[in-house]
Amino acid sequence: MAKVSGVWHSISMASDDLKRIEEDGDLRVFIQTIQHLRNGSLRFNFLFKVQGECVPVDVVCKKTEKNGEYSIAYEGENKVTVPETDYQLYVTFRLQNLRNGTETQVLALYGRIPQLDPSFLNRFKNICKKYGLSSRNIIDMTKQDNCFSK
């Protein structure tokens, strides 16, 4: 996972609860950088909208005993995995959030450049389908928010 370190751009997000990733959603974030830490954990630097302002937030996902799995306590308990990546162009993260007995899943596609070739977006749609999310559950993050351009 050390190869995931560096600058990234939010391309798309998908969720089985769209309210959580739509405007002002508690899981709607805009990636800036990812850093692989010495202990195997990952530090994410995000922009998060608070009262209409893009605010920088650092989040550390702790490595678990399972290979490629991370955890974080935010709005419940969360498990983070990487279903697919090539490290050079894109990475896909899957977050499973359990809050008050309700599970929500979020998939996020990040690119090394602000726009990816449509074939990567099609690949993301297929990953979403694998986890039971239809195209209607996908939000194009490059066109919907002013945090993207910051």
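Two strands count as paired if DSSP finds at least two bridges between them. Keep that in mind. What we have here is a predicted model.

Let's start with one pair. Strand E3 covers residues 30–36, and strand E4 covers residues 42–50. How many bridges join E3 to E4? Six, and the two strands run antiparallel. Here is one bridge to find on the screen: Gln-35 is partnered with Arg-43 in E4.

Now move on from E4. Strand E5, residues 53–63, comes next, with nine bridges to E4. Again the pair is antiparallel. Val-50 sits opposite Glu-53 in E5. E4 and E5 make a hairpin, with two residues between them. Look at Gln-51 in that turn: its phi is positive, about 50°.

One more step. E5 joins E6 through two bridges, also antiparallel. Lys-62 has Ser-71 in E6 as its bridge partner. E5 and E6 form a hairpin too, with five residues between them. In that turn, Gly-68 has a positive phi of about 80°.

Let's take positive phi a little further. Most residues other than glycine have a negative phi. So which residues should you look up? Glu-75 is one with a positive phi, near 50°. Glu-75 lies in the loop between strand E6 (69–73) and E7. At 35% relative accessibility, Glu-75 is partly exposed. Tyr-87 is another, with phi near 65°. You will find Tyr-87 in the loop between E7 and E8. Tyr-87 is partly exposed as well, at 23% relative accessible area.

Now the whole sheet. In what order do the strands stand? The order is E1-E3-E4-E5-E6-E7-E8-E9-E2-E10. That is ten strands in an open sheet, with antiparallel pairing. E1 (6–7) and E10 (138–140) stand at the edges. Each has a single partner strand, so one side of each has no neighbour in the sheet.

What packs on this sheet? Helix H1 does, residues 118–130. H1 touches strands E2 (9–15), E7 (77–85), E8 (90–99), E9 (102–111) and E10. The direction of H1 makes about 165° with that of E9.

Let's zoom in on E2. Ile-11 lies in that strand. Is Ile-11 buried or exposed? It is buried, because its relative accessible area is 3% and the cut-off for buried is under 20%. Ile-11 has a long list of contacts, leaving aside residues up to four places away in sequence. Among them are Leu-109, Tyr-110, Leu-121 and Ile-139. Take Leu-121. Ile-11 and Leu-121 are 110 residues apart along the chain, yet their C-alpha atoms are separated by 8.6 Å.

Next stop, the loop between H1 and E10. Asn-137 is there. Asn-137 is buried, at 17% relative accessibility. The side chain of Asn-137 makes a polar contact with the side chain of Ser-134, at 2.9 Å. Asn-137 also touches residues farther off in sequence, including Met-13, Ala-14, Asp-16 and Ile-21.

Now the cysteines. A disulfide is a covalent bond between the sulfur atoms of two cysteines. How many disulfides are counted here? Zero. Why is Cys-61 not in one? The closest cysteine sulfur to that of Cys-61 belongs to Cys-128, and at 19 Å it is too far for a bond. For scale, the cut-off is 2.5 Å. Both residues are hidden from solvent by our rule: Cys-61 is buried at 4% relative accessibility, and Cys-128 is buried at 0%.

Last, step back to the whole protein. Which elements make it up? Two helices and ten strands. Along the sequence, the pattern is β-β-β-β-β-β-β-β-β-α-β-α. The radius of gyration is 14 Å, close to the 15 Å that the globule rule gives for 150 residues, so the protein is as compact as a globular protein of that length. The C-alpha atoms fill a box of roughly 35 × 35 × 35 Å along the principal axes. Of the 150 residues, 44% count as buried. And of the contacts with a separation of 6 or more, 50% join residues 24 or more positions apart. Ile-11 touching Leu-121 is one such contact to find on the screen.

Key: Residues numbered from 1 in each chain as written. Predicted model: local features only at pLDDT ≥ 70, side-chain atom pairs only at ≥ 80, totals over all residues. Heavy atoms only, no water. Helix = DSSP H or I, 4+ residues; strand = E, 2+ residues; numbered from the N terminus. Contact = heavy atoms within 4.5 Å. Axes fitted to C-alpha atoms, helices over the stretch in contact; angles between N-to-C directions. Buried < 20%, exposed > 50% of the residue type's maximum accessible area, 1.4 Å probe, protein only. Polar contact = N/O pair within 3.5 Å; in protein donor to acceptor, adjacent residues only side chain to side chain. Rg over C-alpha atoms; globule rule 2.2 N^0.38 Å.
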